[in-house]
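Got the model open in your viewer? Keep the selection box handy and follow along, one stop at a time.

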Amino acid sequence: MNDHNSKDNYEAQTLILNDSNGNELFCYLEQIVKVEEKEYALLTPVDTPVSLFKINENDEPELIEKIEKNEQVLKNADAVLQEHDLKLIRSAVTLTVSGELEEPIYDELEEDGIEEESETYELLVSFNLLEQEYGLYIPLDPFFIVGKLIDQGALLIEDDEFDKVQPLIESELEKSSF
């Protein structure tokens, strides 16, 4: 684990999170929570997490939850991001973007009359592929990931194990916040 990362002068340990498919994600270690004698880590990605949306005929974004790493839509997204000196990273858990992003201007977001459902995301870039519009959106809510600490990194908690341990971690966090 690295003891220091200089991005944005944010000081936190960093580590590599692995998922069950061998994908990696470089993360900040935000907090360690002990549950049933096991240590779990609350992590946040070092790079900016993004979500891919398909824009339907009513100009409403529809989240694409599963996408293969080598699909053409991601190649197009990467090309558009490169025009802005950004890079799309196909990592564990989520797609991320590395590079210098401008901070969102929340006054402008409010003025645009964004509907309630889309208030949790900000459009980063949009692009077309085969006459279909897509967008990469940045989640505005904090993006936490739960991992189990192993060796010098962490293993992503997935599926049934996540469903089991999530309420226990939330309970431990509530106890420690008082």
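Start by selecting β4 (48-55), β10 (145-150) and α3 (159-176): each of them supplies at least two residues of the lining of the largest pocket. Helices and strands here are DSSP runs (H or I with at least four residues for a helix, E with at least two for a strand), numbered from the N terminus. β4 gives the most to that lining, with three residues.

A word on what you are looking at: this is a predicted model, so local features need pLDDT of at least 70 and side-chain atom pairs count only at pLDDT 80 or more, while totals for chains, interfaces and linings use all residues. Residues are numbered from 1 along each chain as its sequence is written, and side-chain values use heavy atoms, with hydrogens and water left out.

**Stop 1: the pocket**

The largest pocket has a volume of about 1,200 Å³. Of the 33 residues that line this pocket, show Glu65, Lys66, Ala92, Val93 and Thr94, the closest to its centre. A pocket, on a 1 Å grid over the protein atoms alone, is an open set of points where a 1.4 Å probe fits, with protein on both sides within 12 Å along at least five of seven lines; lining residues have an atom within 4 Å of a point. Grid points are joined across faces, edges and corners, and the volume is the space filled by probe spheres set on the points.

Now colour the lining by type: you get 19 nonpolar, five polar and nine charged residues. Nonpolar covers Ala, Val, Leu, Ile, Met, Phe, Trp, Tyr, Cys and Pro; charged covers Asp, Glu, Lys and Arg; the others, Gly among them, are polar.

**Stop 2: the β2–β3 hairpin**

Next, select β2 (residues 24-35) and β3 (38-45). How many bridges join β2 to β3? There are eight, and the two strands run antiparallel. Strands count as paired if DSSP finds at least two bridges between them. Ile32 stands opposite Ala41 in β3, and the C-alpha atoms of Gln31 and Ala41, 10 residues apart along the chain, are separated by 5.8 Å. Gln31 is partly exposed, at 34% relative accessibility. Buried means under 20% relative accessible area, exposed over 50%, and partly exposed in between (1.4 Å probe, protein chains only).

Zoom in on the turn: two residues sit between the strands of this hairpin. Glu36 has a positive phi of about 50 degrees although it is not a glycine. With 56% relative accessibility, Glu36 is exposed.

Stay with β3 and look at its other pairing: four bridges join β3 to β10, and these strands run antiparallel too. In β10, Ile145 is the bridge partner of Leu43. β3 is mostly covered, with six of its eight residues buried.

**Stop 3: two salt bridges**

The structure holds two salt bridges, a salt bridge being a side-chain nitrogen of Lys or Arg within 4 Å of a carboxyl oxygen of Asp or Glu. Return to Glu36 and add Lys164: their side chains meet in a salt bridge (4.0 Å, N to O). This pair links distant parts of the chain, with Glu36 in the loop between β2 and β3, Lys164 in helix α3, and their positions 128 residues apart. Lys164 is exposed, with a relative accessible area of 55%.

For the other one, select Lys148 and Glu161, whose side chains meet at 3.1 Å, N to O. Lys148 belongs to strand β10 and Glu161 to helix α3, 13 residues apart. Lys148 counts as partly exposed at 22% relative accessibility, and Glu161 is partly exposed as well, at 31%.

While on α3, click Asp159. Asp159 has a positive phi of about 50 degrees, although it is not a glycine, and is exposed, with a relative accessible area of 62%.

**Stop 4: under cover**

Move to helix α1 (residues 72-82) and show its buried residues: Val73, Leu74, Asn76, Ala77, Asp78, Val80 and Leu81. What covers them includes β4, β6 (87-90), β7, β8 (121-129) and β9 (132-139).

Finish in β7 (residues 95-98) by selecting Thr96. Is Thr96 buried or exposed? Thr96 counts as buried, at 1% relative accessibility. Beyond residues up to four places away in sequence, Thr96 touches Leu25, Pro45, Asp47, Thr48, Pro49, Val50, Lys87, Leu88, Ile89 and Ser91, where contact means heavy atoms within 4.5 Å.
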